[in-house]
Amino acid sequence: MNAHIVLLPGDGIGPEVIAAATQVLARVAKAFNHELSFSTQLIGGAALRAGLPPLPDETLAAVKSAHAVLLGAVGDPAFDDRPPAERPEAALLALRREMGVYANLRPARTWPGLEGSGPLRRSVLAGTDLIVVRELLGGLYYGQPRGIDESGFSAINTMRYSRPEIVRVARVAFELALERKNRVVSVDKANVLEVSRLWRTVVTEVAGDYPTVKLTHEFVDTAAMKLALAPASFDVVLTENMFGDILSDEAGAVCGSLGLLPSASLGPGPGLFEPVHGSAPDLAGRDLANPIGAIASAAMMLSDGLGLRAEGAAIISAIERVLRTGLRTADIAGADETAVGTSMFAEAVAMGTG
Ligand code: IPM
Ligand code: MN
């Protein structure tokens, strides 16, 4: 296969983890005889620093003609006092909207050897293997009206969902459940929010097309609690944009480190693949970041974006093998373990891939 990948390293640790993931991709492409070509574009704070808007036209044009997009992170404290629309993060929201990627898949699982690296007892974490399906183009992130009034006295954001927006993301969750453990938990706040009541109604209707999948509903506060108390009880978690943002960070922390979580954002066109972690400015440029989230995102890009399932699986197996040898980055190293840097870890995974 020939595929062109646009790399958007972005801010903070983004460039380091994207370099790590690209190294692994190049290796697996060679091993499986694929031609992957890469081009790199600016986004977020990196674009702002170059005197460009956070999502430059050139970046958007490149993304639209790519087969897939691999993004590092956006977010830069230098722009913290800017209004939301002029911050690096605005680029990510605009990019998601422009790409039409409405379904954000965030798998969270236990990795071999890391069962004890999180805050939970091994017995509680054991067997955790869930996926958050987060609606990515609606709700509070995009709803109008929004803004702070002129006097600075009050502000408004709008949570709005329409039926088709709920149907399409629900279908993604149910289809995934068919390949997994046939369970979907839909998370909402239907005891308070009308939007959630519509969400619940529509998800229940969609479930009618999937008689073998067991659908349950959970309020978001209860879901957050259960995620900490019994993470292994979840299979597919389907939820709206903001709840999904919050629950996926929690799922990452529960599994040992936010640095471990990959994501795939899918829509009708090319997919957007990015680790769930942010730009972590305190770690940037120090070879300290955990590249697993980015490398596993590259694996999702192959599997879910380009249909190269065996190739994606080869990357995941390589990560597992490296973890079994005891190699650890600082975030997942135990008190008695020495940590290696981002680049050394990535090198080991690349070697193990082909
Ligand atoms: C994420 C991030 C983004 C989000 C930010 C950077 C806009 O937290 O991908 O989870 O809230 O979606
Ligand atoms: Mn987030």
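**Ligand environment and local backbone features**

The shell of residues around ligand 1 comprises five charged residues, one nonpolar residue and no polar residue. The model described here is a predicted one. The residues that make up this shell are E89, R96, R106, R134, Y141 and D245. With Tyr counted as nonpolar, and Asp, Glu and Arg as charged, Y141 is the nonpolar member of the shell, whereas E89, R96, R106, R134 and D245 are the charged ones. This assignment concerns residue class; Y141 nevertheless places a polar side-chain atom 2.6 Å from an oxygen atom of ligand 1.

Further polar contacts to the ligand involve two of the charged residues. In the side chain of R106, an N or O atom is found 2.8 Å from an oxygen atom of ligand 1. For D245, the corresponding distance between a side-chain N or O atom and an oxygen atom of ligand 1 is 2.9 Å. Of the 320 Å² of accessible area that ligand 1 has on its own, 79% is covered by the protein. The site occupied by ligand 1 is the largest pocket.

Charged side chains were also examined across the model. In the whole structure, 16 salt bridges are found. One of these salt bridges pairs K64 with E98, at an N to O distance of 2.8 Å. Because K64 belongs to helix α3 (residues 57–64) and E98 to helix α4 (residues 88–99), this pair ties together parts that lie 34 residues apart in sequence.

Two backbone features were noted in loops. Most peptide bonds are trans, and most residues other than glycine have a negative phi. The peptide bond that joins Q144 and P145 is cis, with omega about 0°. P145 is located in the loop between β5 (129–135) and β6 (147–148). At N182, a residue other than glycine, phi is positive, with a value near 60°. N182 lies in the loop between α6 (163–179) and β8 (183–188).

Conventions: Residues are numbered from 1 along each chain as its sequence is written. Chains are lettered from A and ligands numbered from 1 in the order in which they are written. This is a predicted model: local features need pLDDT of at least 70, side-chain atom pairs count only at pLDDT 80 or more; totals for chains, interfaces and linings use all residues. Side-chain values use heavy atoms; hydrogens and water are left out. A residue is near a molecule or strand if one of its heavy atoms lies within 4 Å of it. A polar contact is a pair of N or O atoms within 3.5 Å; within protein, one must be able to donate a hydrogen and the other to accept it, and residues adjacent in sequence count only if both atoms are side-chain atoms. Accessible areas come from the Shrake-Rupley method with a 1.4 Å probe; for residues, only the protein chains shown count as cover. On a 1 Å grid over the protein atoms alone, a cavity is a set of points where a 1.4 Å probe fits but cannot get out, and a pocket is an open set with protein on both sides within 12 Å along at least five of seven lines; lining residues have an atom within 4 Å of a point. A molecule sits in a cavity or pocket if more than half of its atoms lie within 2 Å of its grid points. A salt bridge is a side-chain nitrogen of Lys or Arg within 4 Å of a carboxyl oxygen of Asp or Glu. Helices (H or I, at least four residues) and strands (E, at least two) are DSSP runs, numbered from the N terminus.
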